[in-house]
Amino acid sequence: MTMQTVDARALRDAFGAFPTGVTVVTACDGDGNPIGFTANSFTSVSLNPPLLLVCLAKTSRNFATMTGTPHFAINVLSETQKDVSNTFARPVEDRFAAVEWAKGSAGCPIFSNVAAWFECAMEEVVEAGDHVILMGRIESFDNSGRNGLGYARGGYFTPTLASKAVSAASEGNIELAAVVERRGEVLLLGEDVLSLPSVDAHDGNPTDALQQYLETLTGLKVSIGFLYSVYEGKSDGKQHIVYHAVAGDGEPAGGRFVKPDALAAAKFKTSSTADIVNRFAMESSIGNFGVYFGDETGGTIHPIPAKGAKA
């Protein structure tokens, strides 16, 4: 896509291919009241002097306060703090009532149980199109050792859950599958009996193997997203790892895209496949996804809201 015909939504989606951490940026307004917002447009800049930056949209309701504050803090959320990310990404009346926090040495709100935090003096505010770059000089910080919360392609992911899948894939007898979606439709194989595209795992990175299989199967560009389901198949003795994936434009060489609401009377290869497709249809309708861990008969779903992190 050329810049002369750039589509803002498509560009945002392309930016979303880059996995990032999730932070909450905090400060205090002129009356001493705490303010904060979720941001994943954060990066380290320099060790000497110690600098970091975060981007802020000019349309943000916190724009005037944040560009005028002498200090701000970056709270790097841990993988258990998806609810905190969502709270500070939405117009909640009292966001700080939902999180445990204390003031840092410069007065900025510092959250409990974060992966790390940095309290900064404002070094510079740089104009950058429809955003500004807040450059901070780090005055104090702490690192808890907790894993950070990740965000990519509109969904959260956690290093611990992802590492479980990679570890399982190294143990053999693994089947990789994907819920491949495109504009609300799901890719399914078969005519009378439907199944998800799947392939046996071998040595190497499971997501690379799955992506290669899907692109060979469909002839389309496919991007692997977040982990969606990990379960033990008692009937086949396999460990099943299912990812969410997004397909590019074009007619698939293998399989077909089907609207989930057209599958009420469909027959699936296994009950697990039916459960996965039905769960995905329900979760995508409300925009709130989860990762399932268990077996064919029961398990638990770890909520992973599909939207929340903001640039």
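Two residues are in contact here when heavy atoms of the one lie within 4.5 Å of heavy atoms of the other, and this is the sense in which the word is used throughout the tour of this predicted model.

**The whole chain**

Begin with the whole chain in a cartoon view, where the secondary structure comes to six helices and 22 strands. Of the 311 residues, 45% count as buried, and the accessible surface comes to about 15,600 Å², with 52% of that area belonging to carbon and sulfur atoms. Among contacts with a separation of 6 or more, 65% are made by residues 24 or more positions apart.

**T23 and its surroundings**

Select T23 next, which has its place in strand β2, residues 23–28. Because its relative accessible area is 1%, which is under the 20% limit, T23 counts as buried. If you leave aside the neighbours within four places in sequence, T23 is in contact with F37, T38, A39, F42, I74, N75, V76 and L77. Show the backbone of A39 as well, since its oxygen lies 2.7 Å from a polar atom of the T23 side chain.

**From F42 to the aromatic pairs**

F42 was among the contacts of T23, and it leads on to the aromatic residues, for the structure holds seven aromatic pairs. In one of them F42 is joined with F118 in a tilted arrangement, with 6.2 Å from centre to centre and 35 degrees between the planes. This pair links distant parts of the chain, as F42 belongs to strand β4 (residues 42–46) and F118 to strand β9 (residues 116–128), 76 residues apart. F42 is partly exposed, with a relative accessible area of 25%, whereas F118, at 18%, counts as buried.

Now select F88 and F96, an edge-to-face pair with 5.0 Å between the centres and 85 degrees between the planes. Both F88 and F96 are buried. Adding W101 and F111 to the selection completes a cluster that is linked by ring pairs.

**Helix α3**

F88 also belongs to the buried residues of helix α3, so colour residues 82–89 next. Seven of the eight residues of this helix are buried, and therefore α3 is largely enclosed by the rest of the structure. The buried ones are K82, V84, S85, N86, T87, F88 and A89.

**Strand β13 and its partners**

Move on to strand β13, residues 174–182, in which nine of nine residues are buried. In a regular strand the side chains alternate between the two faces of the sheet. On one side of β13 you will find I174, L176, A178, V180 and R182, and on the other E175, A177, V179 and E181, all of them buried, and both faces are thus covered.

Which strands should be shown beside β13? One is β18 (residues 238–247), which runs parallel to β13 and is joined to it by eight bridges; here E181 stands opposite V246. Another is β16 (residues 198–200), which pairs with β13 in the antiparallel sense over three bridges, and in which V199 is the bridge partner of L176. A further one is β14 (residues 185–188), antiparallel to β13 and joined to it by two bridges, with V186 as the bridge partner of E181. β13 and β14 form a hairpin with two residues between them, and R183 in the turn has a positive phi of about 50 degrees.

**A last stop**

Finally, select R279 together with Y228: R279 lies over the face of the Y228 ring, at 4.0 Å from the ring centre.

Definitions and conventions
Residues numbered from 1 in each chain as written. Predicted model: local features only at pLDDT ≥ 70, side-chain atom pairs only at ≥ 80, totals over all residues. Heavy atoms only, no water. Buried < 20%, exposed > 50% of the residue type's maximum accessible area, 1.4 Å probe, protein only. Helix = DSSP H or I, 4+ residues; strand = E, 2+ residues; numbered from the N terminus. Phe/Tyr/Trp six-rings, centres within 6.5 Å; stacked < 30°, edge-to-face > 60°. Lys NZ or Arg CZ within 6 Å of the ring centre and 35° of its normal. Polar contact = N/O pair within 3.5 Å; in protein donor to acceptor, adjacent residues only side chain to side chain. Areas by Shrake-Rupley, 256 points an atom, 1.4 Å probe, with all protein chains shown as cover. Pairing = 2+ DSSP bridges.
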